[in-house]
Amino acid sequence: DQTQLILKVLKDSGANVVSIICDNNRVNQSFFKKFSCVENWLTDNNIYLLFDFVHLMKSVRNNWITEKTQELVFEEESETLTAKWKDLVNLYNLEKNHTVKLSRLSEETADPKPVERQKVSTCLQTFSDETIHALKNHPNITDAHGTICFLEKFVKFGMILKFKGLNAGTRFRDPERALMSSDDDSRLNFLLDIAKMANSMMTEKQGKRQKQLTKDTARALSHTCKGLVDLTKR
């Protein structure tokens, strides 16, 4: 097996392979299944198998767009909320003819063609602080609480994992960007909450299909969050 050969060569060269990271397409899912694992995310020789967080966010965004009603239902503190894509389309339409805008949404972001959905940039323009603040403060946007909450979760998710150096928390004046130095860091619990939410969003409730993430996306998101927490605590 080429993978095992490569890992052996790296080990013989003195390298310590901690993790293998890739996006969550079907080929890579099958690739991960070739390993003997003690957990879905951990091989029996202590290599973590993780999916790239940016591609996970893109998968969530794509699921949101391709869901028939373009709505995703999720739980937040025992409350059932709905993230509505139409809130973002509405925001874009309200701002598109204005010189000064609250968000960075564009036509490509609000209504991406299939090929445009593969771009990370259109995803990050959606999952951004600017979009959240625009939805909260635009005078003609109402009843977008579920969408705002959903965006906030994934902006925080991306911020935690988009590590930019040991002093990033101080440099950006944002504790979410700081290095995790303790296994009781509250951000680890947040990642476990994301894993729990992902699992619940692929589960049919009372025999009725709920507007949700695909199983591929939900499983990859849960898998990676749990793996990252396990890796951090070791």
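**Two pockets and their linings**

The largest pocket is lined by 18 residues, and Lys 33, Asn 40, Phe 51, Arg 219 and His 223 are the ones nearest its centre. The model is a predicted one, with local features needing pLDDT of at least 70 and side-chain atom pairs counting only at pLDDT 80 or more, while totals for chains, interfaces and linings use all residues. Numbering runs from 1 along each chain as its sequence is written, and side-chain values use heavy atoms, with hydrogens and water left out.

A pocket here is an open set of points on a 1 Å grid over the protein atoms alone, where a 1.4 Å probe fits, with protein on both sides within 12 Å along at least five of seven lines; lining residues have an atom within 4 Å of a point. The largest one holds about 460 Å³ of space, the volume being what probe spheres set on the points fill, with points joined across faces, edges and corners. Two or more lining residues come from each of α2 (26–32), β2 (37–39), β4 (48–51) and α11 (215–233); α11 chips in the most, with 7. Helices (H or I, at least four residues) and strands (E, at least two) are DSSP runs, numbered from the N terminus. By type, this lining splits into 7 nonpolar, 5 polar and 6 charged residues.

Next comes the second largest pocket, at about 390 Å³. Its lining has 16 residues, with Ile 160, Leu 161, Leu 228, Leu 231 and Thr 232 nearest the centre. Here β4, α8 (145–161) and α11 each supply two or more, and α11 again gives the largest share, 4 residues. This lining comprises 13 nonpolar, 2 polar and 1 charged (nonpolar: Ala, Val, Leu, Ile, Met, Phe, Trp, Tyr, Cys and Pro; charged: Asp, Glu, Lys and Arg; polar: the others, Gly among them).
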